[in-house]
Structures are given as structure tokens and as C-alpha cells.
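Dear colleague,

Please find below the structure that I am handing over to you, shown together with its sequence. My account of what was found in it follows directly after.

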Amino acid sequence: MSETVELASRDSYLNRCEAVVSVVAPGELQLDRTVFYARGGGQPGDIGIVRWDGGQVRVDDTLRRDGMVVHLISGDELPAPGTPVEAVIDWERRYRLMRTHTALHALSGVVFRDFGAKVTGGNMEPGVARMDFELEGISTEFGRLVEERLNGELIAGYPTEILFLAREIALSDPDLIRTKVNLIPEYVKEIRVVDIVGLDRQADGGTHVRSTVEVGTVRVVKTESKGKANKRMRIELADSL
Ligand SMILES: [Zn+2]
């Protein structure tokens with residue numbers, strides 16, 4: 001079976017799509033194409049619904065398995081393979097994740113540019129996120145300084161572009177080397193790159209907003225040490241509750 005066509009990879013602003021059911025298993029549904037983002041790279045999977053003539057199921061999470069996107073579902077009736085369906089994501093939650101994800105990339109761009117520190121890890125939920133940096137020390141003052149610079153950049157409105165680069169091109173790109181593009185499995189021949197043009201450029205599978213201005217204002221809510229040369233910043237979107 002061919003891999004699921006993942007529409008969000010090229011257009012993160014799609015909130016629904018038509019599709020056809022390909023595989024049905026207990027608690028799981030696969031489609032020939034989907035607008036749902038499968039969790040990965042620190043971004044949670046999408047939730048939403050899949051509906052068809054006469055029924056619908058709720059999608060509680062989305063993951064990737066062997067090149068296929070698996071929708072984890074709950075609901076009593078299931079559609080048969082071959083059924084035409086409409087897949088609809090919870091857009092409010094997803095858009096918040098897009099803003100959060102772009103905020104994290106902008107943060108990593110600012111911290112590397114101004115302090116030379118690389119990212120060692122990160123994770124996010126809608127509106128809140130954490131990122132770990134290769135820093136010797138961290139303080140509340142440092143958090144405030146980074147917050148100020150980050151917000152100054154976000155409001156400047158850097159455009160975000162999605163690129164698909166041949167592996168050998170990506171492996172010779174200094175920005176991508178810095179973000180460890182070489183760790184992507186060898187069988188991946190085309191590397192998806194998220195370029196916040198002029199601020200941050202890295203290999204990434206996630207969904208992002210088109211401009212940093214859509215992120216809005218971000219707060220650095222906590223700075224903490226997670227060991228030698230590993231310091232954590234927690235951020236949230238300013239309009240989070
Ligand atoms: Zn990312």
C-alpha cells in the first residue's frame with residue numbers, strides 16, 4: 001500500500017479534506033490522504049472528527065506507523081474500507097500548536113544568534129512549550145532578556161517558508177548541519193525544511209504559521225537547570241489562559 005498523502009506537510013492551513021477509507025482496525029482508521037498531523041518532532045498529533053454519509057468517529061490522536069498515518073478513534077460505528085469521508089481537524093487547537101511551534105523555532109534562532117547556544121531538546125502543548133539549550137548557566141534575567149529579544153523579532157514579521165531539499169543539498173547547508181540534519185535516517189531522500197527566513201532554518205516535519213507576527217507575544221515563564229550544559233526555558237503564548 002502506498003503511504004498516506006499528508007496534506008499538512010505542504011499546506012498547514014487546511015482544516016479539512018475529502019478522503020477515502022483505506023484500513024479499518026479496532027480503534028484505528030487509515031485514509032488515502034489526510035489533513036491530520038501525525039505526532040512527531042515535539043508536536044502532538046491532531047484531534048478532530050472523520051465523518052461520512054450516515055456516521056462519524058472522533059479522532060483522539062494521530063500518529064505515524066510505517067509511512068502510514070493512523071487516526072486513533074473512538075465511536076461505535078466504523079466506516080468500511082472504500083467509504084468516502086470528510087476529515088476535519090480541531091482547528092483552534094492546531095492553530096495554537098502552529099503558533100507555539102513557530103515560537104519555539106524563533107526562540108532557538110534568537111538564542112543561537114545572540115548566545116551561540118544549540119538546542120538539545122524540546123516539546124510543546126497548545127500554547128505552552130519548553131526548550132533545552134546547551135548553555136553553561138541560566139537565570140531569570142537571562143530569560144527576560146531572551147523574551148524581550150524574541151518578542152522584538154516576532155513582531156517584525158519574518159515569513160516562514162517550507163522547502164523540500166534533496167538530502168545531499170541539505171547535508172551541506174550550514175544551518176541544517178547545526179541542527180543535526182545528518183541524524184535523519186538515510187532512506188529519507190528529500191528533507192523538509194522550515195525556514196523562518198533570516199531567523200532560523202531547520203529540518204522539521206511540523207506545522208507552522210506563515211509569519212512570526214501570527215505567533216503574537218510570548219512569555220518566558222521559567223528558566224531552570226537540567227544538568228551541566230543543559231538549561232531549560234519554558235514559554236507560553238501571551239494569550240494562553
Ligand atoms: Zn520543530
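Just after helix H2, Gly157 takes a positive phi of about 75°. Please bear in mind throughout that this is a predicted model.

Helix H2 itself covers residues 140-156, which makes 17 residues. From its first C-alpha to its last, H2 reaches 25 Å, close to the 24 Å expected at 1.5 Å a residue. Its buried residues are Phe142, Gly143, Val146, Leu150, Asn151, Glu153 and Leu154. Seen down the axis of H2, these buried residues fall within an arc of 165°, so they line one face of the helix. The general background is that an α-helix has 3.6 residues a turn, so residues three or four places apart point the same way. On the other side of H2, the exposed residues are Glu141, Arg144, Glu148, Ile155 and Ala156. As for what covers the buried residues of H2, the list includes H1, strand E14 (218-225) and strand E15 (231-237).

These elements recur in the largest nonpolar core, which has 29 residues. Leu107, Phe133, Val218 and Ile235 touch the most other members of this core. The elements that give two or more residues to the core are H1, strand E10 (128-133), H2, E14 and E15, and H1 gives the most, with 8 residues. Leu107 touches Met131, Phe133, Val146, Leu150, Met233 and Ile235, if residues up to four places away in sequence are not counted. Apart from this core lies another, of 16 residues, among them Val21, Val35, Trp52 and Ala87. In soluble globular proteins, nonpolar side chains tend to be buried together.

I turn next to the open sheet. Three strands form this sheet in the order E11-E12-E13, with antiparallel pairing. Its edge strands are E11 (160-166) and E13 (200-203), each of which pairs on one side only. From one strand to the next, the twist averages 25°. E11 pairs with strand E12 (residues 190-196) in the antiparallel sense over 7 bridges, and the bridge partner of Thr160 in E12 is Ile196. E12 and E13 pair in the antiparallel sense over 4 bridges, and here Ile196 stands opposite Asp200 in E13. Ile196 is thus named in both pairings, with Thr160 and with Asp200. E12 and E13 form a hairpin with 3 residues between them. In the turn of this hairpin, Gly198 has a positive phi of about 95°. Helix H1 (residues 91-115) lies across E11, E12 and E13, and runs at about 115° to E13.

There is also a barrel. Six strands close into it in the order E2-E3-E7-E6-E5-E8, with antiparallel pairing. The twist in the barrel averages 45° from one strand to the next. Strand E3 (residues 28-31) and E7 pair in the antiparallel sense over 2 bridges, and Glu28 stands opposite Leu72 in E7.

Within the loop between E7 and strand E8 (84-89) is Glu77. Glu77 is partly exposed, with a relative accessible area of 43%. The C-alpha atoms of Glu77 and Gly55 are separated by 7.0 Å, although these residues are 22 residues apart along the chain. Glu77 touches Trp52, Gly54, Gly55, Gln56 and Val57, again not counting residues up to four places away in sequence. Trp52 is also one of the members of the core of 16 residues.

Finally, two residues deserve a note on their backbone. Most residues other than glycine have a negative phi, and most peptide bonds are trans. Asp66, however, has a phi near 50°, a positive value in a residue other than glycine. Asp66 lies in the loop between strand E6 (55-65) and strand E7 (68-74), and Asp66 is exposed, with a relative accessible area of 73%. Ala229 likewise has a positive phi, near 55°, and lies in the loop between E14 and E15. Ala229 is partly exposed, with a relative accessible area of 25%.

With kind regards

Definitions and conventions: Residues are numbered from 1 along each chain as its sequence is written. This is a predicted model: local features need pLDDT of at least 70, side-chain atom pairs count only at pLDDT 80 or more; totals for chains, interfaces and linings use all residues. Side-chain values use heavy atoms; hydrogens and water are left out. Two strands pair if DSSP finds at least two bridges between them. Axes are lines fitted to C-alpha atoms, for helices over the stretch in contact, and angles run from 0 to 180 degrees between N-to-C directions. Contact means heavy atoms within 4.5 Å. The expected span of a helix is 1.5 Å times one less than its number of residues. Buried means under 20% relative accessible area, exposed over 50%, partly exposed in between (1.4 Å probe, protein chains only). The arc is that of the directions from the helix axis to the C-beta atoms. A nonpolar core is a set of buried Ala, Val, Leu, Ile, Met, Phe, Trp, Tyr and Cys residues joined through side-chain atoms within 4.5 Å.
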